Amino acid sequence: MTDNLKSALENYFGHQTFREGQREIIEDVLLGKDVLGILPTGSGKSVCYQLPARMMPGAVLVISPLISLMMDQEKQLAAAGYKDVIAFNSFLSLQKKQKAYQNLSAYKLIYASPEMLQKKGFVKKLCELNISLFVVDEAHCISQWGHEFRPDYLKLHQTIEALKHPPVLALSATATPEVQKDISFQLRKPAMVRHVYPMDRENIAFQVDKLEDPSEKMKRISSVLKAHPVPTMVYFSSRNWTEKAAAELSAALPNMNIAFYHGGMEQSDRILIQQQFMNDQLDVICCTSAFGMGINKQNIRLVIHFHLPPQVESFIQEVGRAGRDGLSSISLVLLSPNDDLLPRKLIQSELPDSKEIHRVIHYIKSKIQQGVYHLPELDILLESLQISETKWRFMRYHFEYHGMMDNNQIVSSLEWENIEKKISRVAARRTRYKLSKVNELLWWAEQSECRRKALFAPFQDTIKQPTYRCCDKCDFKFSEWSPVTKVTSQLESFNWKQAFKQIMLQGDRDEKIKSG
Amino acid sequence: MLTEIILDSLKKLKQERTSAAVYHLLVGKRSSQTLQDAHLYHLTGYFGIAKGMEKQVFDKEIEKLVSKGFLLQIGDKAVVTQKGMDFLKDSESKKLLQHYNGLVYDRASDLFYERLSLFIQTAANIERGNHRFIPVSDNQEVLRWMKNYYAVYRRRLQEPLDQLYDEMLVFLNRLPEQHAEIFVKRLSGYSHFGMSKVQLAALYDLDKYDFLVLYQLILHRLLNYVIYDSTPTPTLSFFARGLVKEVFLTDSARKTNDLLKQGRNVEEICRIRKLKESTVHDHLIEIAYANPRFPLSDYVSSEAVSEIGKQIERLESRKLKDIKQALDDRYSYLQIRLVMAVYRAGWQKGVEQ
């Protein structure tokens, strides 16, 4: 079987060898076991179900919370010639959805958002198929203690049951032992085979610099890039900052190609910038966390955090984009006083406070008094409640959990005061939890011990031996770093006629004319 | 370029509209009022050429022009000063403004470009043996179109590439150097991705919307070249097919028009659609502007048409009240507006380039 696997890998994906963990997980999956796989970012998690999808009869169902990731994968697979892949999410047009419904058995790989599984018609369709593997991607979303808890994930076990228990494969890049336990509990699969692989990467060294203020941070970035012109990602937590920084750095570093990327850009520009970076036409990208999902650029040498993300797990994922090729790479964190304000604000914007909870419950009670038990469409509801969708989703989940609501329908007219207290407590607890996650990362940056050990110890038992250097607390100094550098060439003079000819592949034609 | 566009619009509006009317025009607001203004004041070219522009950004532009002495702010109206007029007259870009064809192209220019750039990228990559590339467009509609087109040419992709090269080279040679550069720099080819709009704007040191209107100008000129120019462009024409609508109507006016075509009159339409009479009148005006064969005689007798027409010309005003009074209130507003629409409006203008 082992030889079969290897040839299948080469056959379907063109890879010669498996990466760490892939083979072990795939073997267990093909044996029909329930598997929990914790594999670091960039280690090819998706092969763990994409290869079985090619080898097993029937279809593989993949539940993923990240619509952009789903679409990226669908796109990549389509580019590689696999057309029997479909992603069901809110972006799919009704027409395409209906066509896909009729033809569902033709697909080998079906991606769906957890929200889709709440649609009875969709699940009914799935039941008619032969689902040979049920995959939960980004499985940490299932746990309240995961950093990206998604209430919809808690209902996955119902779908697994409806599908008559196909083998389950849960995958995550970041899950503490606590979260791992929670995943198998919530999926009602206590006997999952666990394959946990360390997520520290031996070729990445860590450094944290403490600076006075944002403008000092910018100066630091310029000087680092001047000394080490390498493919670089700089993470920011605001869109404005990415634009501002890209402009400043472009002025300071005229020999490098620098651009920004964030979720607010026009779609065609997003594609171009992302692909320029992938294609080594850009050296530095100033971005928000919107960049990087499904990015698989091999030669990123340096990941700088101008702002820290709101939790350790995201930080590890973002750092993990560096050095996929195994060569010496660096994570550089820039800190300045008051760096915690932005993530705190963000958290407060995600969870409802007691006033907002009161307002929503007051609204529902007034509906009940009017004898109205059906809530209006989402956008109208949000408009009249003056509340964000994230906050509403949080509350709706708890209303449903306590049996007060079912799918926009109010099913109980009593007990709402009680619920208000309960939800307020949960929201406050959740806010505290998230704030503690912010502090965790800030605390890490303040530590005097080895940064690798402090960062990865909560996730794994052993820490790998670094291939190059470890961290600024141990042995790393920027002045001694000599990475493989690669800077894009600057166009000295641009001749549009020449360039146009090249793009339109007119070179051969010229020669033909000359020689003919 | 944006400066010239705003000055030219305000000049043509002759203080009869607020400067917000220019904003609605530039972002392509789909309201009867905006469409009528576009026709009435010969501003159809600028319709929707700065989609997505925020109101604050526009207000800042106006402020900038006021501080330069090009505009005078009077209440919510802005008047072009002599200095502004002189600037516009001497501007190098002014003669380019005539190429804008916004109302006709509306969304077509972007779709046309997406088809074209996606095809060039696809053909170049596949000709060079690269079947794995990320397409520059992920617009489903465009991808579907591409699939069909590709199916026809898959075995001889160099052929349409060569033809496109020839047809486009003629066009690019007619453009100012800088515009041709922008166009070529944005194209993606074999293992090469073009520059984004934001990058191009920075490269030429232009503000976001200054660049966007310039970019639209290039696309409009390309479409003008494909649709109206006598140079044959059989391959490019294929990419424009089905995109350019002959008649542009708001969705509501379109429904009214459908009922008119079924022989319903205004009264019946009001009843069927549960609309106020004035709303249906607005639709009639819109239809009259958009449709060269509007049956004017159903609403205004031929003598009345010539009488109203003469008054409009004599008064050189578009203020309805003035015209109505000058005609001793013998005709309704609807009649006057319809005559203005059919006789003075820009639908003929929109076609000639």
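This passage describes a sheet in chain A, the helices that pack on it, and the contact between chains A and B in a predicted model.

In chain A, six strands form an open sheet with parallel pairing, and reading across it gives the order β8-β13-β12-β9-β11-β10. The edge positions are taken by β8 (204–210) and β10 (258–261) of chain A; each has a single partner strand, so one side of each is left without a neighbour in the sheet. From one strand to the next, the twist averages 15°.

It is worth pausing at the β10 edge. Here β10(A) pairs with β11 (residues 284–287) of chain A in the parallel sense, over 4 bridges. Within this pairing, F260(A) is found opposite C286(A) of β11(A). Helix α10 (residues 239–252) of chain A also belongs to this part of the picture: it packs on the sheet and touches β9, β10 and β11 of chain A, with its direction at about 180° to that of β10(A). Another helix, α9 (residues 214–227) of chain A, lies across β8, β9 (232–235), β11, β12 (302–305) and β13 (329–335) of chain A, and runs at about 160° to β13(A).

Turning to the two chains together, 26 residues of chain A are in contact with 29 residues of chain B. On the chain B side, at least two residues each come from α7 (108–127), α9 (158–174), α10 (177–186) and α11 (197–203) of chain B. The most is given by α9(B), which supplies 6 residues. Sorted by class, the side of chain B that touches chain A comprises 15 nonpolar, 8 polar and 6 charged residues.

How values were computed. Residues numbered from 1 in each chain as written. Chains lettered and ligands numbered in written order. Predicted model: local features only at pLDDT ≥ 70, side-chain atom pairs only at ≥ 80, totals over all residues. Pairing = 2+ DSSP bridges. Axes fitted to C-alpha atoms, helices over the stretch in contact; angles between N-to-C directions. Contact = placed C-beta atoms within 7 Å. Nonpolar A, V, L, I, M, F, W, Y, C, P; charged D, E, K, R; others polar.
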